[in-house]
Structure formats: C-alpha cells, structure tokens
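Biologist: Please take one part of this model and go through it closely, along with what surrounds it. I would like the cut-offs behind each term as well.

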Amino acid sequence: MKKVLAYIIPIAVCFVLGFIASRLQADAIEHWYPYLNKPELTPPNWVFPVAWGIIYLLSGISAGRISDNGGSYRNGLLVLWGGQQFFNFSWSILFFVLQNPFLGLINIIILDVLVMWYIIRTWKVDRVASVMFWPYFLWIGFATYLNTYIMFCN
C-alpha cells in the first residue's frame with residue numbers, strides 16, 4: 001500500500017492544484033485572455049487542459065518513482081518537485097488572476113529553471129523519472145514564449 005501511495009499522492013496533488021488553478025483563472029480566461037494580443041502560434045483553448053492532464057500525470061508518476069526509489073537524493077528531489085509545483089500553481093495566479101504578465105514571466109522563468117534542475121538531478125537517480133519531465137519542460141518553454149509575447153505586445 002505504501003508503494004501505491006507513493007504514486008497516488010503526487011498525482012493527486014498535481015490534479016488538485018490544476019483544478020484549483022482552473023477555477024481561479026476561469027473568469028480571466030473568459031473575460032480577459034481572449035482580448036489579448038497573442039502570437040499566431042497560440043494553441044486553441046482546448047489544447048491546454050489536454051496538455052496539462054498529460055503533464056500532471058507524468059509529473060506525479062515521476063515524483064512517485066523518486067519517492068519509491070529511496071536513496072540519499074530522494075528528500076531533496078521531492079522538495080525540488082514541490083517547489084516547481086508551487087511555481088506552476090502561482091503562475092496561474094500571477095498571470096490570470098492578477099492579470100500581470102510581467103510577474104507571470106518572472107515566475108515562469110523560475111519554473112523553467114526548477115524543472116530543468118529537477119530533470120538534471122533525477123537523471124542521476126532514475127532516468128525514467130527524468131524523461132517524464134521532458135514534455136513538461138518543453139510545454140513551459142512554449143508557455144514562456146507565449147507569456148513573453150503577451151507581456152511585450154499588450
């Protein structure tokens with residue numbers, strides 16, 4: 001049972017935080033975001049929950065593998081994983097709820113660094129856990145581009 005919880009808890013954390021963020025940002029997505037000047041590469045709104053659903057699942061499984069793996073790196077990696085979850089969630093608050101692309105950009109750059117750091121550090125412990133974060137890193141890299149464009153063009 002302990003092994004199962006090592007996976008279920010981080011997956012649940014990802015999806016619960018994602019659900020809370022989606023509720024908090026819903027008004028801005030309807031009344032603010034559509035009126036922003038966005039780059040042509042901006043995906044349609046339905047892409048975001050699909051991409052995040054996959055990313056949340058992979059992120060939770062990655063943390064579960066690290067938690068289940070044990071070893072001397074485990075605690076530090078789980079703190080790092082929690083830190084990136086915090087910055088992921090807070091980006092939604094800064095960008096959408098506060099409608100502040102500048103603060104969102106600062107936040108997402110920190111998130112980019114934390115996710116890359118997690119990828120590098122987990123590679124030494126569990127390469128599968130590390131690879132599971134690659135789609136996340138690519139997605140937030142794209143989100144950084146979108147955030148930057150919106151900040152400078154609005």
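Modeller: What follows is a close look at helix α4, then at its neighbour α3, the loop between them and the open spaces around them.

This is a predicted model, in which local features need pLDDT of at least 70 and side-chain atom pairs count only at pLDDT 80 or more, while totals for chains, interfaces and linings use all residues. Residues are numbered from 1 along each chain as its sequence is written, and side-chain values use heavy atoms, with hydrogens and water left out.

Helices here are DSSP runs (H or I, at least four residues), as are strands (E, at least two), and both are numbered from the N terminus. Helix α4 covers residues 101-123. The expected span of a helix is 1.5 Å times one less than its number of residues. For the 23 residues of α4 that gives 33 Å, and the end C-alpha atoms are 32 Å apart, which agrees.

At the N-terminal end of α4, N100 acts as a cap, with a side-chain oxygen 3.2 Å from the backbone nitrogen of F102. The term behind this is the polar contact: a pair of N or O atoms within 3.5 Å, where within protein one must be able to donate a hydrogen and the other to accept it, and residues adjacent in sequence count only if both atoms are side-chain atoms.

Next comes burial, where buried means under 20% relative accessible area, exposed over 50% and partly exposed in between (1.4 Å probe, protein chains only). The buried residues of α4 are P101, G104, L105, N107, I108, L111, D112, L114, V115, Y118, I119 and T122. An α-helix has 3.6 residues a turn, so residues three or four places apart point the same way. The cover over the buried residues of α4 includes α2 (47-69), α3 (74-97), α5 (127-131) and α6 (134-153).

V115 is one of the residues of α4, and it counts as buried because its relative accessible area is 0%. Leaving out residues up to four places away in sequence, V115 touches Q84, F133, Y136, F137 and I140, contact meaning heavy atoms within 4.5 Å. Q84 is also among the buried residues of α3.

Helix α3 also fits its expected span: its 24 residues should cover 34 Å, and its end C-alpha atoms are 34 Å apart. Among its buried residues are L77, L80, W81, Q85, N88, W91, S92, L94, F95 and F96. These buried positions pack against α1, α2, α4 and α6.

Between α3 and α4 lies a loop that contains Q99. Just after α3, Q99 takes a positive phi of about 50°, although Q99 is not a glycine. Most residues other than glycine have a negative phi. With 37% relative accessibility, Q99 counts as partly exposed. From Q99 to V115 is 16 residues in sequence and 24 Å in space, C-alpha to C-alpha.

That leaves the spaces. On a 1 Å grid over the protein atoms alone, a cavity is a set of points where a 1.4 Å probe fits but cannot get out; a pocket is an open set with protein on both sides within 12 Å along at least five of seven lines, and lining residues have an atom within 4 Å of a point. Grid points are joined across faces, edges and corners, and a volume is the space filled by probe spheres set on the points.

The largest pocket has a volume of about 610 Å³. It is lined by 27 residues, of which Q25, F48, W52, W91 and F96 are the closest to its centre. Helix α4 is one of the elements giving two or more residues to this lining, alongside α1 (2-31), α2, α3 and α6. The most comes from α1, with 7 residues. By type, the lining has 19 nonpolar residues, 8 polar and no charged; Ala, Val, Leu, Ile, Met, Phe, Trp, Tyr, Cys and Pro count as nonpolar, Asp, Glu, Lys and Arg as charged, and the others, Gly among them, as polar.

Q25 belongs to α1 and counts as buried at 12% relative accessibility. Its contacts, not counting residues up to four places away in sequence, are S92, F96 and V97.

The structure also holds 1 cavity of 30 Å³ or more. The largest cavity has a volume of about 50 Å³, and its lining consists of C14, L17, G18, A21, Y56, Q85, N88, F89 and S92. The elements giving two or more residues to that lining are α1 and α3. Its residues divide into 5 nonpolar, 4 polar and no charged.
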